[in-house]
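Visitor: I am new to this structure, and I would like a close look at one thing: the empty space inside it. Could you show me where to look and what lies around it?

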Amino acid sequence: MNRKDYQFYISGAVKLGVSFGVVSLLARWITGNTILSAPETLVKYGITGAIGYSLMGALALILFGFLAKKIRKNFPNEQTIGDVMRQKLTPSGYWYIMFILFVTSFYSLFIQAMGAGILIHIIFPIPVFIGMILFMGFCFFVGGVSGMQRIHQFSGVNVALIFGAVLLIPVYFYIQAGVHPVYDGIKLYHPYILYFKNMDAIWFIFTALLIFFGQIMMDRATWQRVFIIEKEKVRMTFSLAGGIWATIPLAISSLLMIIMFGRSYKNIYSLLFELVDKIQSTMLIILFVLFCFSAISSAINAELHATTTLFVKNMLELFRPLTNHERWKYSYIFSGIVCVCLLVIVSILTPNPLKLLFFFGNIYASIIIPMLYIILSSKPIPVLIPYSSLIGAAGGFLLIPFTNDLKAIWISFAISGVICLFVYIFKKAPIES
């Protein structure tokens, strides 16, 4: 493939096999959200929540693997989620889904950039704004300018650094201190973490599955990887990626317990980064810092590239045909604007990652059944199907004052699901003349 062709920007030069497909998916899904949500999940829901969080994320990837196989079979020549939506939906339904895709995309990018800002503030003795300029400049070069081929080149390095950190650092500490002192310290200072009969944690776990599955189903970068992984190996690749991904939140929880044992803490989000003070090996400090930035940068690069592709290929080109040169030019401009916006917003706002996850959880939960309907149906999609997610999400948001966040997410899921069920029954029912 010609490197100056825009198709090279979208999908790179080669199809991915199982091994590199797994690496590419892990580089996308081991994110800043995984790092930042781990402390609050462990503290709020205990070890049950931490284990459940990792298992549900893995299960969501595995389940999507079955759907990915169906997507590849039904849409063999497409490249993005936008291509599929354009083929299946009416114009109004298509533009609504595109709006949702962009909203969730900017949410994902913001979470990763916010994680980078927190890391820079805690680890480096430089102004956050200066650090973010350097970080976003790197992401613009890799994810916005270079395209999929460059992302693939960095994926292997990123995943190696991530697993090197989560394997070596816990081993280093447990060899030094032993398992029993850590367990006894947690039991004395934070016994609630070891409490297993926590119904809130069980409720959180199943809600997390719903949110994770909705996230993956709407993720632009994941859909791109569905189309560049070899067709026969798609389901196996997602299953393996899910099983391996589950070890990361567990390893981060292990790191957190190492930090917490034998003492109290003041700031939940600084727990993980206090690890730097405990590490006496310069090599492990460098490895930990690289682990954090690798996880965040790989997720931003994948998301920035996928969102840019979606904007150029599935929005701009609908208004007028673009030359190959124009596609590249608009990709540079759009990704640059996104990076500048993230730089400014992250310098101003630092919201709670877990609260943001549940805020957008209503959107992710309400989109699951409509997306399943769109993907699996072989008939024209009624216009109400995509808009049922809007009704479901709105219903969940309106009921939040009268219930809690987790129940509101399930209400959003149920409302959109019931609407889709009624549409399906109505379409199936015989019409009397």
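Guide: Happily! A cavity here is a set of grid points where a 1.4 Å probe fits but cannot get out. Please keep in mind that this is a predicted model.

Let us start with the whole protein. It has 18 helices and 0 strands. Of its 433 residues, 59% are buried. Among contacts between residues at least 6 apart in sequence, 83% join residues at least 24 apart.

How many cavities of 30 Å³ or more does a search of the whole structure find? The search finds 3. The second largest cavity is a friendly one to begin with, at about 50 Å³ in volume. Around this space you will find Ser24, Ala27, Arg28, Ile151, Phe154, Ser155, Asn158, Arg225, Ser298, Asn301 and Ala302. Helices H2, H7 and H14 (282–319) each give two or more residues to this lining. H7 provides the largest share, with 4 residues. By type, the lining of the second largest cavity holds 4 nonpolar, 5 polar and 2 charged residues.

Stay with H7 for a moment, which runs over residues 148–177 and includes arginine 150. Is arginine 150 buried, partly exposed or exposed? Its relative accessible area is 32%, and because buried means under 20% and exposed means over 50%, arginine 150 counts as partly exposed. Its C-alpha atom lies 9.1 Å from that of tyrosine 9, although 141 residues separate the two along the chain.

Now move to the largest cavity, whose volume is about 200 Å³. Its lining has 19 residues, and those nearest the centre are Trp29, Thr31, Asn33, Gln112 and Gln215. Five helices supply at least two lining residues each: H2 (18–29), H3 (32–74), H5, H9 (199–218) and H16. H5 contributes the most to the lining of the largest cavity, with 5 residues. The 19 residues split into 8 nonpolar, 7 polar and 4 charged.

From here we can follow H5 into the packed parts of the protein. The largest nonpolar core holds 135 residues, and Phe64, Met85, Trp223 and Met371 have the most contacts inside it. H5, residues 91–123, gives the most to this core, with 18 residues. To see what such a contact-rich residue meets, take phenylalanine 64: leaving out residues up to four places away in sequence, it touches Ile71, Phe213, Ile216, Met217, Thr222, Trp223, Val226 and Phe238.

Next comes helix H15, spanning residues 324–348, where valine 346 sits. With a relative accessible area of 5%, valine 346 is buried, because it falls under 20%. Beyond residues up to four places away in sequence, valine 346 touches Phe110, Ala113, Met114, Gly117 and Met132. Its C-alpha atom is 9.0 Å from that of isoleucine 111, and the pair are 235 residues apart in sequence. H15 also holds tryptophan 328, another buried residue, with a relative accessible area of 12%. Between tryptophan 328 and lysine 4, the C-alpha atoms are 8.8 Å apart in space, while in sequence these residues are 324 apart.

Not every space is closed off, so let us end with an open one: a pocket is an open set of points. About 260 Å³ of space lies in the largest pocket. Which residues line the largest pocket? They are Ile369, Leu372, Tyr373, Leu376, Ser377, Ser378, Lys379, Pro380, Cys420, Tyr424, Lys427 and Lys428. Helices H16 (353–376) and H18 (405–428) each provide at least two of these lining residues. The lining of the largest pocket has 7 nonpolar, 2 polar and 3 charged residues.

One last helix to visit is H17, residues 384–399. Its 16 residues should span 22 Å at 1.5 Å a residue, and because its end C-alpha atoms are 22 Å apart, the two values agree. Within H17, the buried residues are Ile385, Pro386, Ser388, Ser389, Gly392, Ala393, Gly395 and Gly396.

Methods: Residues are numbered from 1 along each chain as its sequence is written. This is a predicted model: local features need pLDDT of at least 70, side-chain atom pairs count only at pLDDT 80 or more; totals for chains, interfaces and linings use all residues. Side-chain values use heavy atoms; hydrogens and water are left out. The expected span of a helix is 1.5 Å times one less than its number of residues. Buried means under 20% relative accessible area, exposed over 50%, partly exposed in between (1.4 Å probe, protein chains only). On a 1 Å grid over the protein atoms alone, a cavity is a set of points where a 1.4 Å probe fits but cannot get out, and a pocket is an open set with protein on both sides within 12 Å along at least five of seven lines; lining residues have an atom within 4 Å of a point. Grid points are joined across faces, edges and corners, and a volume is the space filled by probe spheres set on the points. Ala, Val, Leu, Ile, Met, Phe, Trp, Tyr, Cys and Pro count as nonpolar, Asp, Glu, Lys and Arg as charged, and the others, Gly among them, as polar. A nonpolar core is a set of buried Ala, Val, Leu, Ile, Met, Phe, Trp, Tyr and Cys residues joined through side-chain atoms within 4.5 Å. Contact means heavy atoms within 4.5 Å.
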